[in-house]
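Hi,

Here is the structure I promised to pass on. Have a look at it first, and then read my notes underneath.

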Amino acid sequence: MKIIVFIKQVPDTATKIVLAPDGKSLDETNVNFVINPYDEFALEEALQIKDRDPLTQVTVISLGVERAQNALRSALAMGADGAVLLKDEALLGSDAGATARVLVAALKDVSFDLLLFGKQGVGLDQGQVDIRVAEALGLPHAGVVVKLEIDGGRAVAEREIEGAHEIMNFALPAVVTAQKGLNEPRYASLKGIMAAKKKPIEIRDCAALGLRADQVGESGSLTRIKKLSLPPARKEGHKIEGDPASQAKELIRLLREEAKAL
Amino acid sequence: MDFSFTVENQEIRRTVREFAEREIAPRVLHFDEKQEFPRAIFRSLAELGLLGILFPPEYDGAGLSYVDYVTVLEGLARVDGSIALSVAAHNSLCSNHIYKFGTEEQKERYLKPLARGEFIGAWSLTEPTAGSDASGTKTQAKREGDNWVLNGSKTFATHGSVCDVAVVFAVSDRQAGKKGISAFIIAKNTEGFRAGKKENKLGMRASETSELIMDDCRVPAEALLGQEGQGFVNALQILDGGRISIAALAVGMAQGCLHHSLSYARQREQFNRPIAQFQAVQFMLADMATRAEAARWLTYRAASLKDQDQDVGCAAAMAKLYSGEIAVQAANVAVQIHGGYGFTKDYPVEKFYRDVKLCTIGEGTSEIQRLVIARSLIGRRSAG
Ligand SMILES: Cc1cc2nc3c(=O)[nH]c(=O)nc-3n(C[C@H](O)[C@H](O)[C@H](O)COP(=O)(O)OP(=O)(O)OC[C@H]3O[C@@H](n4cnc5c(N)ncnc54)[C@H](O)[C@@H]3O)c2cc1C
């Protein structure tokens with residue numbers, strides 16, 4: 001079985017976000033970049049399938065800048081067999097649509113049984129790329145999956161939907177996106193880290209992908225980030241004093257008059 | 001000279017930091033308070049390969065360098081010094097002694113399971129009356145036919161009561177002085193071998209420390225580790241490397257102190273501003289960072305010399321002396337920056353303050369490091 005896992009490098013969720021002077025990107029000083037947590041679930045799922053069936057080949061693909069190699073190397077250390085970095089100046093500023101176009105191009109002439117994504121990339125949180133890729137390739141898509149079983153050429157996925165779980169049964173190849181709860185991602189072992197040393201990271205640019213510059217990046221995108229702003233600072237809390245009865249009274253007054261919640 | 005680390009080393013640093021922050025940090029206070037040896041954490045450490053860092057793959061180790069080893073200890077100690085201490089005693093004392101001086105059969109039987117983390121190792125030189133002066137060892141080993149019979153007691157053995165295998169030093173020839181001390185491998189459940197009192201400690205409480213008692217403990221001739229009479233000389237060599245690991249613990253803890261002090265100083269407000277805006281606090285942070293950085297490079301230099309198979313006696317002693325001392329200072333300042341809160345168990349610096357003191361004591365006190373350094377400067381004879 002051949003599995004491709006798409007991973008994105010994102011700022012650690014614990015990062016204190018500072019905006020860059022251009023007002024539409026992050027100041028990357030002191031930012032710790034990690035594999036998007038949902039992509040880690042996707043990768044772990046692929047590795048667990050490989051644990052059960054050692055003939056399975058797991059390849060990780062990332063669209064990103066130079067530092068995304070760290071994310072790919074971490075994935076190789078965890079146990080992925082190969083890695084591809086899609087890197088080109090022209091790719092900067094690609095929106096979800098353009099990104100999906102690039103990923104589809106990267107899959108040309110590649111055989112696979114399963115494409116795994118995280119359910120969304122933390123940061124932009126649009127959750128579009130996987131669906132667009134599935135649509136472009138005409139593949140079944142199961143999103144927000146918390147349980148996955150592969151059997152022969154078919155898969156059964158349990159996905160979280162509002163207030164319930166939905167079970168889907170579909171043929172491979174297919175696109176599946178991982179939700180928290182699917183599994184517990186492993187840590188790379190020292191042996192895995194040393195073994196990753198011998199696994200090369202293939203780097204492909206637009207030319208290698210057969211893409212023109214105007215199909216990708218800002219010029220190939222329908223949307224553009226105009227401005228980023230931080231959420232307004234939270235107002236200071238208000239402590240209600242007095243005995244319980246007058247505290248309750250005051251709370252109701254505030255909920256009614258100030259918060260207008262009642 | 002570019003002071004850079006390999007790509008793999010950076011990956012090791014990331015992984016260990018993530019593991020320590022996610023798996024160890026939430027439980028450190030529990031282990032500390034209960035003085036509990038964290039078996040489950042050790043099983044995870046074994047899976048990651050952290051219990052056989054230095055040994056080649058043919059002995060089931062990860063085959064990494066000393067620089068990588070220091071990186072692991074630094075990363076663990078940044079979150080918990082006591083787990084780092086246990087990892088160090090297991091790797092660079094017990095397992096390393098068997099790796100360096102053991103027979104193939106001993107390596108097969110003991111080193112492999114130690115490296116896989118199925119065995120936990122202890123290495124016990126110190127005795128109640130032989131601490132800094134380990135040549136004063138009193139434990140006796142008497143040859144009786146094909147056996148050795150050991151009698152005596154050891155103290156402060158890291159993993160004394162949880163270990164599966166211990167390297168123990170005993171006098172095999174009373175006439176020969178330092179050249180009459182030999183090392184032995186004793187497995188758990190050997191008759192006449194048991195753990196005595198478990199120490200109730202100031203810090204490093206998740207790392208178990210106990211007495212070991214040998215009472216007509218009979219072991220076969222194959223239990224002799226290294227050459228007869230070479231035990232003490234070999235122990236000193238092992239300690240040269242071991243000291244680098246204590247330096248690494250100190251560096252990690254100093255960094256932990258700095259990390260927590262920085263985030264606290266940024267967020268704690270007094271006189272209507274974060275205390276990080278007071279120059280007095282800024283200077284404390286600047287000094288702490290500078291010393292930690294200096295200690296760090298002394299330690300990595302010693303590790304790198306060791307990787308090149310050079311004599312590390314003096315470099316390791318300098319790294320341990322300096323790192324241990326500045327780490328104690330760092331914890332002291334960290335508590336100061338936290339004010340009253342630093343004096344409580346609600347903030348991690350309280351534990352650092354207790355744990356870090358071990359670094360000026362274990363594997364040779366600061367005074368003994370100064371002796372080692374002075375001897376290498378002045379020459380052993382002239383130093384007296
Ligand atoms: C948590 C912990 C774990 C340990 N783990 C192990 C272990 O796994 N295996 C093991 O073998 N040991 C272990 N030890 C023992 C440790 O190595 C000794 O405590 C240390 O070597 C000091 O010996 P001592 O405690 O007998 O102190 P002493 O030697 O009695 O020293 C007391 C004081 O006298 C000073 N002093 C002694 N001689 C001189 C001198 N010549 N010049 C100047 N000052 C001097 C010392 O610096 C110190 O300040 C551990 C100790 C602790 C606390």
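How many nonpolar, polar and charged residues does the shell around the ligand have? The count is six nonpolar, eight polar and three charged. Before you read on, keep in mind that this is a predicted model.

Let's start with the ligand. There are 17 residues around it, and those that come nearest are B:Thr126, B:Ser132, B:Phe156, B:Thr365 and B:Glu367.

Three threonine side chains are worth pulling up on screen:

- B:Thr126 has a polar side-chain atom 2.7 Å from a nitrogen atom of the ligand.
- B:Thr158 places an N or O atom of its side chain 2.8 Å from a nitrogen atom of the ligand.
- B:Thr365 has a side-chain N or O atom 2.6 Å from an oxygen atom of the ligand.

As for coverage, the ligand on its own has 970 Å² of accessible area, and the protein covers 65% of that. If you want to colour the shell by element, pick strand S1 (121-124), strand S3 (147-158) and helix H11 (366-378) in chain B, since each gives two or more residues to the shell.

Now over to chain A. A:Leu251, A:Ile252, A:Leu255 and A:Leu262 make a nonpolar surface patch of about 350 Å². Of these, A:Leu251 sits in helix H7, which runs over residues 244-257 of chain A. Is A:Leu251 buried or exposed? Neither quite fits: its relative accessibility is 40%, so A:Leu251 counts as partly exposed.

That's what I have for now.

Cheers

Key. Residues are numbered from 1 along each chain as its sequence is written. Chains are lettered from A and ligands numbered from 1 in the order in which they are written. This is a predicted model: local features need pLDDT of at least 70, side-chain atom pairs count only at pLDDT 80 or more; totals for chains, interfaces and linings use all residues. Side-chain values use heavy atoms; hydrogens and water are left out. Patches are made of residues with over 30% relative accessible area and no salt bridge: like charges are joined within 9 Å, nonpolar side chains (Val, Leu, Ile, Met, Phe, Trp, Tyr) within 5 Å. Accessible areas come from the Shrake-Rupley method with a 1.4 Å probe; for residues, only the protein chains shown count as cover. A salt bridge is a side-chain nitrogen of Lys or Arg within 4 Å of a carboxyl oxygen of Asp or Glu. Helices (H or I, at least four residues) and strands (E, at least two) are DSSP runs, numbered from the N terminus. Buried means under 20% relative accessible area, exposed over 50%, partly exposed in between (1.4 Å probe, protein chains only). A residue is near a molecule or strand if one of its heavy atoms lies within 4 Å of it. A polar contact is a pair of N or O atoms within 3.5 Å; within protein, one must be able to donate a hydrogen and the other to accept it, and residues adjacent in sequence count only if both atoms are side-chain atoms. Ala, Val, Leu, Ile, Met, Phe, Trp, Tyr, Cys and Pro count as nonpolar, Asp, Glu, Lys and Arg as charged, and the others, Gly among them, as polar.
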